[in-house]
Amino acid sequence: MATTTQLSDETSLQTEPNEITLIKRFSPKEVAEHNSLEDIWIIVDGGVYDLTKFLSEHPGGKKILQGVAGKDASKKFHKYHRKTTLAEYNRLRIGDLGSGKKKAIFFGLKLGNS
Ligand code: HEM
């Protein structure tokens, strides 16, 4: 079973038997900056996926992805794909969405120390 340890606001460490993964965290705002077909990130189930190089391979085409570029596409993703598709394409996952709440606490600490 995987355990996840939060290292900082931006990174966490996921450990599984024989596997350790460093997971980078992105805010929704950061993801939203990658919103074109030349540079497209999307969010599915809290994971952040860089589809820039995958676009031309996508069996559903490029056009449909344009509408969700930089956004949370979880609902649409689950409408069109087999249950196993997301896990099969984990190589496209560049990190996870950071929680807004943690950012707020961190921000508060920064203010108090300055
Ligand atoms: C991580 C992102 C994505 C990956 C890896 C991915 C991958 C795939 C794959 C492998 C298929 C073939 C069917 C299957 O194996 O399930 C497919 C089909 C399709 N995908 Fe995606 N997809 C992604 C995101 C999306 C999103 C966000 C949309 C919609 C906004 C979309 C719309 C479609 C459509 C319409 C099809 C064709 C379904 C059909 O012909 O029955 N995909 N995609």
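**Exercise 1. What pLDDT does the chain average, and which share of the residues scores at least 70?**

Start with the ground rules. This is a predicted model, where local features need pLDDT of at least 70, side-chain atom pairs count only at pLDDT 80 or more, and totals for chains, interfaces and linings use all residues. Residues are numbered from 1 along each chain as its sequence is written.

- Step 1: pLDDT is the predictor's confidence in each residue, from 0 to 100. The chain average is 85, and 86% of the residues reach at least 70.
- Step 2: Now find the extremes. Confidence is highest in strand 5, at 98, and lowest in helix 5 (residues 100-113), at a mean of 43.
- Step 3: Over residues 100-111, pLDDT stays under 50, and the model has five contacts there beyond four places in sequence. A contact means two C-beta atoms, placed from the backbone, within 7 Å.
- Step 4: Where pLDDT is low, the predicted coordinates should not be read in detail.

**Exercise 2. Work out the order of helices and strands, then find the pairing partners of strand 5.**

- Step 1: Helices (H or I, at least four residues) and strands (E, at least two) are DSSP runs, numbered from the N terminus. The chain holds five helices and seven strands, in the order β-β-β-α-β-β-β-α-α-α-β-α.
- Step 2: Look upstream of strand 5. Strand 4 (residues 35-36) runs antiparallel to strand 5 and is joined to it by two bridges; strands pair if DSSP finds at least two bridges between them. Asn35 has Ile40 as its bridge partner, and the hairpin leaves two residues between the strands.
- Step 3: Look downstream. Strand 5 and strand 6 are also antiparallel, with four bridges, and Val44 is bridged to Gly47. Two residues lie between the strands of this hairpin, where Asp45 takes a positive phi near 50°.

**Exercise 3. Trace the largest nonpolar core and say which strand gives most to it.**

- Step 1: Settle what counts as buried: 20 or more other C-beta atoms within 10 Å of a residue's own, against 12 or fewer for exposed and partly exposed in between, with C-beta atoms placed from the backbone. By that test, 12% of the 114 residues are buried, and strand 5 has five of its six residues buried.
- Step 2: A nonpolar core is a set of buried Ala, Val, Leu, Ile, Met, Phe, Trp, Tyr and Cys residues joined through C-beta atoms within 7 Å. The largest one has 11 residues, including Val31, Trp41, Leu51 and Ala69.
- Step 3: Strand 5 and strand 6 (47-50) each supply at least two core residues, but the largest share, five residues, is from strand 5.
- Step 4: Zoom in on Val44. Leaving out residues up to four places away in sequence, Val44 touches Tyr49, Ala73, Ser74, Phe77 and Leu86.

**Exercise 4. Describe the shell around the ligand, then place Tyr89.**

- Step 1: A residue is near the ligand if its C-beta atom, placed from the backbone, lies within 6 Å of it. Among the 19 residues around the ligand, Gly60, Ala73, Lys76, His81 and Tyr89 come nearest.
- Step 2: Two or more shell residues come from each of strand 5 (39-44), helix 2 (63-66) and helix 3 (74-80). Helix 3 gives the largest share, three residues.
- Step 3: Tyr89 sits in the loop between helix 4 (85-88) and strand 7 (93-97). Why is Tyr89 classed as partly exposed? Because 16 other C-beta atoms lie within 10 Å.
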